[in-house]
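Let's walk through this protein together, from the overall picture down to single side chains. Have your viewer ready and follow along.

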Amino acid sequence: MSTTTIEIVKKAGRIGAEIRGVKLSADLDQETFAYIQEALKEHLVLFFRGQQHLDDVLHEKFAERLGELYVHPTVPVKENTNAIFELNSEYGAKANTWHTDVTFVPEVPRYSVLRGVTIPSVGGDTVWANTHTAYEDIPAELKALAEQVWAIHSNKFDYAAFAYLNQAKDKDIEQYQKYREVFSSTEYETRHPLVFTHPETGKKHLLLGGFIRQLEGYSTSESNALYNILQSYVTRLENTVRWNWQEGDLVIWDNLATQHYAVADYEEKRVVRRVTVSKSTPKNVEGEASSLIRKK
């Protein structure tokens with residue numbers, strides 16, 4: 001495939017582009033794949049229509065071109081797959097909170113590859129935000145403060161575990177009890193900087209999202225106030241892109257460089273399947289790495 005046949009269409013000013021003219025597969029030629037990688041570095045989120053040929057196996061094999069499969073630390077993978085996590089609205093799997101995936105562990109997944117399987121006729125969009133441009137928008141004095149602050153992230157409430165428990169409960173009460181014990185006994189707390197340097201681009205990003213429980217050295221009310229101020233820069237419409245799903249769509253994003261939010265405004269069934277690959281431990285502007293506080 002020649003890259004001259006590929007079209008990149010920006011979907012918003014600061015984040016997101018649709019790639020046209022590509023049929024994704026594990027056998028994609030290196031020139032085309034490198035072109036996609038460069039586009040991902042620039043736009044952070046890439047959208048591909050018309051990828052209905054991808055099933056679970058082909059989805060995983062293509063994702064592995066981006067890196068080693070990353071298995072969720074607490075949620076079992078979909079049956080007969082190596083690393084697919086399914087979000088099925090029938091089991092309460094609605095990730096309608098702003099978050100970066102799996103920040104409750106030190107090694108944060110790098111890339112997510114999400115496929116639309118069953119899409120409602122109306123609603124169910126996903127929104128992504130650029131956490132670098134959000135950082136750039138912050139006044140200098142607030143940047144200096146944020147660069148010194150660390151946050152405690154925890155999976156005390158993780159929508160992914162909640163969704164899987166609902167699914168297990170519906171299928172098999174014994175399995176439900178088994179996984180309930182696993183989820184309730186496996187709680188992570190991790191220390192991450194509020195501002196980190198991206199390992200590939202060297203740009204500074206905010207690391208926030210729904211898994212934060214407390215800012216170190218601040219009371220609960222102070223933590224909430226500072227978090228809300230910083231998070232408001234992330235979710236400004238100028239820093240976001242919104243995607244209206246169709247069945248067969250596939251979306252790739254840089255998990256370290258973004259937050260996302262699944263809009264829960266639909267009544268019909270919605271199923272999407274995610275493969276996550278590679279991982280990286282964030283480091284603050286002085287080079288100090290994130291660390292696990294406890295796992296219990």
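A residue is called buried here if its relative accessible area is under 20%, and exposed if that area is over 50%. With that cut-off in hand, turn to strand β7, which spans residues 126-130: 5 of its 5 residues are buried. Both faces of β7 are covered, with T126, W128 and N130 buried on one side and V127 and A129 buried on the other. Please keep in mind that you are looking at a predicted model.

What is the wider setting of this strand? The protein has 7 helices and 17 strands. Of its 296 residues, 55% count as buried. Among the contacts with a sequence separation of 6 or more, 83% are between residues 24 or more positions apart. The surface that the protein exposes comes to about 13,100 Å², and carbon and sulfur atoms supply 46% of that.

Back to β7 and its partners. Strands of a sheet pair through backbone hydrogen bonds, in either a parallel or an antiparallel way. β7 pairs with β13 in the antiparallel sense over 4 bridges, and A129 has T240 as its bridge partner in β13. β7 is also joined by 5 bridges to strand β15 (residues 258-262), again running antiparallel. In that pairing, the bridge partner of T126 is A262 in β15.

Now follow β13 itself, which covers residues 240-243 and includes W243. Is W243 buried or exposed? Its relative accessibility is 3%, so W243 counts as buried. T126 is 117 residues away from W243 in sequence, yet their C-alpha atoms are 5.5 Å apart in space. Beyond its neighbours within four places in sequence, W243 is in contact with K11, E18, F47, R49, D125, T126, W128, D249 and V251. With D249, the side chain of W243 also makes a polar contact of 3.1 Å.

Just before this strand, the loop between α7 (220-234) and β13 holds N239. N239 has a relative accessible area of 0% and is therefore buried. Setting aside neighbours within four places in sequence, the contacts of N239 include W128, A129 and N130, residues that you met on β7. R14, I15 and Y233 are also among the contacts of N239.

Next, move to another sheet. This one is open and has 4 strands in the order β12-β8-β9-β17, with antiparallel pairing. β12 (212-215) and β17 (291-295) stand at its edges with a single partner strand each, so one side of each has no neighbour in the sheet. From one strand to the next, the twist averages 25 degrees. Within this sheet, β8 (residues 150-154) and β9 (residues 188-193) pair in the antiparallel sense over 5 bridges, and I152 has R191 as its bridge partner in β9.

Finally, have a look at helix α2, residues 56-63, where D56, H59, E60, F62 and A63 are buried. These residues lie on the same side of α2, because they cover an arc of only 165 degrees around the axis. What covers them? The cover includes α1 (30-43), β4 (69-70), β6 (108-118), β14 (250-254) and β16 (271-280). At the start of α2, a side-chain oxygen of D55 comes to within 3.2 Å of the backbone nitrogen of V57.

Note on methods
Residues numbered from 1 in each chain as written. Predicted model: local features only at pLDDT ≥ 70, side-chain atom pairs only at ≥ 80, totals over all residues. Heavy atoms only, no water. Helix = DSSP H or I, 4+ residues; strand = E, 2+ residues; numbered from the N terminus. Buried < 20%, exposed > 50% of the residue type's maximum accessible area, 1.4 Å probe, protein only. Contact = heavy atoms within 4.5 Å. Polar contact = N/O pair within 3.5 Å; in protein donor to acceptor, adjacent residues only side chain to side chain. Pairing = 2+ DSSP bridges. Axes fitted to C-alpha atoms, helices over the stretch in contact; angles between N-to-C directions. Areas by Shrake-Rupley, 256 points an atom, 1.4 Å probe, with all protein chains shown as cover. Arc of directions from axis to C-beta.
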